[in-house]
Amino acid sequence: MPKNSKVVKRELDDEVIESVKDLLSNEDSADDAFKKSELIVDVPEEKDTDVVERSEVKDARPAWNSKLQYILAQVGFSVGLGNVWRFPYLCQKNGGGAYLLPYLILLLVIGIPLFFLELSVGQRIRRGSIGVWNYISPQLGGIGFASCVVCFFVALYYNVIIGWSLFYFSQSFQQPLPWDQCPLVKNASHTFVEPECEKSSATTYYWYREALNISSSISESGGLNWKMTICLLAAWVVVCLAMIKGIQSSGKIMYFSSLFPYVVLMCFLIRALLLNGSVDGIRHMFTPELEIMLEPKVWREAAAQVFFALGLGFGGVIAFSSYNKRDNNCHFDAVLVSFINFFTSILATLVVFAVLGFKANVINEKCIAENSEMIIKLVKMGNISQDIIPHHINFSAITAEDYDLIYDIIQKVKEEEFPALHLNACQIEDELNKAVQGTGLAFIAFTEAMTHFPASPFWSVMFFLMLVNLGLGSMFGTIEGIITPVVDTFKVRKEILTVICCLLAFCIGLIFVQRSGNYFVTMFDDYSATLPLLIVVILENIAVSFVYGIDKFMEDLKDMLGFTPNRYYYYMWKYISPLMLLSLLIASIVNMGLSPPGYNAWMEDKASEKFLSYPTWGMVICISLMVLAILPIPVVFIIRRCNLIDDSSGNLASVTYKRGRVLKEPVNLEGDDASLIHGKISSEMSSPNFGKNIYRKQSGSPTLDTAPNGRYGIGYLMADMPDMPESDL
C-alpha cells in the first residue's frame, strides 16, 4: 500500500439493519467474514492532509413534521387538475354512473396495490426513485432515471397550465368579467361586434384570442406571448420558493394548497345546487348506460385514469414516503389516499355537472325565447296556422314543456316543410351531451357558466385560485420526484439544484408560451408521459415481484409494519397487476397506432377548431419524447450488465454499485458513524470522484470482488443505511 496514502476504516455496527439481514439470510460460511468486513477508502496522494477529529455528527434525513402533513402532501400530489376536468368528462362519455363501477374495480386491482408498493419501497429504503431501484437491482437502476425524465417533461407543460390559471385569476377582479361580452370593433363609419367572437362565443374568443393569441398551426410560431410568459415565470418562482427547502418548506404550504380546493369545491357545490337547472345536470351525469360499460374502451380509459390519478411511476410517491419513519403504517396511507382521491373525483364531478346543468338551462331558455319569436313571425306570415297553437300557451312567458309541445305539433303538421322552418328542438340534454374536457372545460365552459352567477367575479377568483392550488400540489410532488433522487444519489445541495431545475424548466418552457404554445402542450400531454410511465410501473412491479422476490418483500413488509399484509396483495403484485398493466400497455399502443397523430388548431377565419396532422418535424419530436423517457432503462441495464464503466471512471451513479479490488492492509483508525472519512461532517465531504475508490476487505477470506451472494456488496449493504446519502458510498 502506498505509504503516502491515508486509509480510513469504518467498522460495521453490531446491530445490522433489517433489510441487510434479509439480503444475507441465505448466505454460506462466507457470511460471517462478510459481516466482519471493513470499508476502505483509498485517497490519492495529492489529497494527503492531516485528519482532524471532530464531534460525531449524524446526517439525519429530513422528516415530516406530522403525519397529517405527509398525508396532505400525498393527497395534494395525487389530487390534481385531472380530477376536475378529466374524470367528469370520462364519466359522462363512458356511461355516466355506470362508469364508476369499472373505475372502482380497477382502483382495487391496479391503483391501491401499486400505490402501496411505491409507498412501501420508498419508506423501507428511504431513498428517491433512483436509489430505490438501484438498491433492488442495480441493473434496473434506469427505472429511477426514467421516472426523473418523465417528471421533468410533465413539469414543463403542467406549470404552463398553472400559468394560464394565474392569468385568469388576475383578470377576475373586474365587474363585469372581461370574457362576459364580445368586444366591439369601431371603424370610420360604424361599430360592430368582433366577427371571430360573434361566430363562436365570448368565452371561447377570450381564451383563444385574448389569453393565448393563438396561431393557426403548430408550424406558425408567432413569437412569445408576453402576458403568458410573465405568468409562467411567476408560476416557476412560486414552485421554486416552495420547494427550495424541500419538505421543510413545501410541507407547510401543503396545509393550504391541499385543503383549499375542498373548501372551494364545497362552496361551488352548495351554490350550484341553489341554481336553476343544476339537478338536471347531476341527473344527466349519473343516469347509467349499462350497455356502454361492456365496451373494452371504457375499461381501458378507466384503467388509465386510475393509473394517472394516483401519480404512479412519477417518483413523487416514493420521494414523499422516503421521509417517513420506518414503522409508519403505509398500508393505511395507501388505502386512505386512494379513496380520498376517488371521492374528490366524485365531488368534482357533482360540481362540474351542477354548474353545466345551470349553464345548459340558461342556453336552453335563450334558445326557447329565440325560437318562440320565430314561431310568432311564421304565424303572422301565414307559414304556420294559428289554429294548431294550443290556446293556453303564452309566448311571452313560455315554459320548456309548452315549447316541446308546440315543436312536436308543428313537426307533425308541417312534416315535409319542417326543415325549411329552421326551428331548433331546444333540449337540455343536447347541451349536456356536448362533452368538454381539459382546458375547454376550465377556460371556456366553466367561465361561461360563471358569467351568469350572481357576484361572478368572486366565484371566478375562487375557481381559478382552486385550479392554481390543485396544480401546485401536483407540481410539488413532480418536482420532488426529480430533486430527491438526484440529491440522494449525487449529493448536491438541494437549494442549488432546485433553482437550476426551475430555471432550466422555465427556459425550455418558453416554447409553450409562444402563440403556438398550446399545440405543444397537447403534444407533450399525449406523448411524453403515457407509454413511458406505463413501462416504468410495469418494470417496478416486475423488479419487486420477480427480481427482488415477492416472498422476501412480504417479509420486509411484515418486519416494517409489524403485521403481514393481506395475502390479496401477494396475488395482485405477482399475477394480476402485471397482466393488467401489460394489457393496458398493449391497448394504449394499439389505440395510439389507430389514432392519427395530430392536434386541434384554431382557425381564426372560421372561428372553430380543425384537426391537423403534425408536420414531419413534429412527429420526430413526438417519437423523441417517448424514446428519451424510456432510454435510461436499457442504457443503465447495458452499462451495468456489461461492466462498461470502470471504478476509476468517476461516474457517481456507478460508484456505489461497482466491484472493487480488495486492499489487504487495513489501518485501525476511529471513524465517525455518520461519515466515511474520519473527521469530516457528511455535508462537508466531497462526493466520490476520479481517484477516490471504495473497496471491501474480507476479513480472513481470499480476495473477492463481490458480496458472498454474488451481488455488488457495497451497494446492497450501504443503500439501506438511512442516514447516509448514496454519493458518500
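The following legends describe close-up views of salt bridges and unusual backbone sites in a predicted model.

**View 1. A salt bridge between helices α9 and α10, formed by Glu-196 and Arg-209**. The side chains of Glu-196 and Arg-209 meet at 3.1 Å, taken from N to O, and this pair links distant parts of the chain, with Glu-196 in helix α9 (residues 195-199) and Arg-209 in helix α10 (residues 202-211), 13 residues apart. Glu-196 has a relative accessible area of 4% and is therefore buried, since buried means under 20%. Arg-209, at 12% relative accessibility, likewise counts as buried. The pair is one of 13 salt bridges that the structure holds.

**View 2. A salt bridge within helix α13, formed by Asp-280 and Arg-283**. Here the side chains of Asp-280 and Arg-283 come together in a salt bridge with an N to O distance of 3.0 Å. Both residues lie in helix α13 (residues 278-285), where they are three residues apart, about one turn of the helix. Asp-280 counts as partly exposed, at 24% relative accessibility.

**View 3. A salt bridge between Glu-495 and Arg-493**. The side chains of Glu-495 and Arg-493 meet in a salt bridge at 3.7 Å, N to O. Glu-495 counts as partly exposed, at 23% relative accessibility, whereas Arg-493 is exposed, with a relative accessible area of 55%. Elsewhere, salt bridges that share partners join Lys-93, Arg-300 and Glu-301 into one network.

**View 4. The cis peptide bond between Gln-175 and Pro-176**. Most peptide bonds are trans. The bond that joins Gln-175 and Pro-176, however, is cis, with omega at about 0 degrees. Pro-176 lies in the loop that runs between helix α8 (142-171) and strand β3 (184-186).

**View 5. Positive phi at Ala-455**. Most residues other than glycine have a negative phi. Ala-455, although it is not a glycine, has a positive phi of about 55 degrees. Its place in the chain is the loop between α20 (438-450) and α21 (456-490).

**View 6. Positive phi at Asn-643**. Asn-643 is not a glycine, yet the model gives this residue a positive phi of about 50 degrees. The loop that holds Asn-643 lies between α27 (632-641) and α28 (652-655), and the residue counts as partly exposed, at 33% relative accessibility.

Terms used
Residues numbered from 1 in each chain as written. Predicted model: local features only at pLDDT ≥ 70, side-chain atom pairs only at ≥ 80, totals over all residues. Heavy atoms only, no water. Salt bridge = Lys/Arg side-chain N within 4 Å of Asp/Glu carboxyl O. Helix = DSSP H or I, 4+ residues; strand = E, 2+ residues; numbered from the N terminus. Buried < 20%, exposed > 50% of the residue type's maximum accessible area, 1.4 Å probe, protein only.
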